[in-house]
Amino acid sequence: MAGGGFRDDFDTGALDTAVWVPHYLPQWSSRAASAATYALGDSELHLTIPVDHGVWCEGDHEPPLRVSGVQSGVHSGPVGSTVGQQPFRDGQTVREAQATHWGWTPHHGTLEVRARMDLSPRSMASVWMVGLEDEPDRCGEICVFEIFGDAVDPGRTAAVGMGVHPFRDPALTDDFAAPRLELDVAEPHTYAAEWRPGRVDFHVDGEHVRTVGQAPAYPLQMMVAVFDFPAHEQAAAHPDHVPALHVDRVAGPA
């Protein structure tokens, strides 16, 4: 914490598990099968997907994906219930119950992430804020950035997705875009979302990119992840690539 806000510079040599859960939506899978491959070094959190990293929710999620991610909160209902964050299909049931953990769940303020990434056409990196789903309608999302490797012109430009997704929040509508920006995603850049009642302004390196005239009206938790898509049409051309997301800083309101 600094100046009444939240800040993690990942410079202690160990992940702060009072804040971060090093698993990706484990209630739909398990802690073992959703564990991130990560390391801390040089004041960065390094999330990677090695070649032998398993498929997440294998046989259930289509298309298949592999993921390394951390999140700043988690909760679920008991095994067999439908209570859990970000289900990917109707009627999805909990496979492994999760104890409630709220590490960092802000409500309004400027959310800032400084990061770089190593992507191939078969991979993607993203940071997003999502509702806690402690109540079913509190499930909207603010996507701070979403970058697909097949939308990157290496060293020159990238399509940077940003916006609001409603999921099952009846107060929101989908407002998402991926403007092409002049930036090298392999170098560090600062991605930010200024979240206020009824409005989110998106910035990259301090420059305003777009505004969405709506916003979730409840606390959100942060999701930080890198993804690999084994069934991508260009997957075979990059069989040994290890996607990576290197996070230098996360900052926001307390």
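The paragraphs below go from the overall fold of this predicted model to a few individual residues.

The protein has 19 strands and zero helices. Its radius of gyration is 17 Å, close to the 18 Å that the globule rule gives for 254 residues, so the protein is as compact as a globular protein of that length. Measured out along the principal axes, the C-alpha trace spans about 45 × 40 × 40 Å. Of the 254 residues, 54% are buried. Contacts also reach across the sequence: taking those between residues at least 6 apart, 66% join residues at least 24 apart.

The surface and the charges can be described briefly. About 10,500 Å² of the protein is exposed, and carbon and sulfur atoms supply 50% of that area. The protein carries 16 positive and 36 negative charges, and the mean positions of the two sets are 2 Å apart.

Serine 43 is one residue to look at in detail. It sits in the loop that links strand S2 (37-41) to strand S3 (44-48). Its relative accessible area is 27%, so serine 43 counts as partly exposed, a class that lies between the 20% and 50% limits. Leaving aside residues up to four places away in sequence, serine 43 touches Asp9, Phe10, Asp11, Val247 and Asp248. With one of these residues there is a polar contact: the side chain of serine 43 reaches the backbone oxygen of aspartate 9 at 3.0 Å. Serine 123, in turn, is 80 residues from serine 43 in sequence, and the two C-alpha atoms are 24 Å apart in space.

Further along the chain, the backbone has a cis peptide bond, from glutamate 62 to proline 63, with omega near 0 degrees. Proline 63 belongs to the loop between S3 and strand S4 (66-71).

Two other loop residues have a positive phi without being glycine. For glutamine 86, phi is near 50 degrees. This residue lies in the loop between strand S5 (73-74) and strand S6 (101-102). Glutamine 86 has a relative accessible area of 12%, and because buried means under 20%, it counts as buried. For glutamate 133, phi is near 55 degrees. Its loop runs between strand S8 (123-131) and strand S9 (141-148). The relative accessibility of glutamate 133 is 8%, so this residue is buried by the same limit.

Methods: Residues numbered from 1 in each chain as written. Predicted model: local features only at pLDDT ≥ 70, side-chain atom pairs only at ≥ 80, totals over all residues. Heavy atoms only, no water. Helix = DSSP H or I, 4+ residues; strand = E, 2+ residues; numbered from the N terminus. Rg over C-alpha atoms; globule rule 2.2 N^0.38 Å. Buried < 20%, exposed > 50% of the residue type's maximum accessible area, 1.4 Å probe, protein only. Contact = heavy atoms within 4.5 Å. Areas by Shrake-Rupley, 256 points an atom, 1.4 Å probe, with all protein chains shown as cover. Lys, Arg positive; Asp, Glu negative; His and termini not counted. Charge placed at Lys NZ, Arg CZ, Asp CG, Glu CD. Polar contact = N/O pair within 3.5 Å; in protein donor to acceptor, adjacent residues only side chain to side chain.
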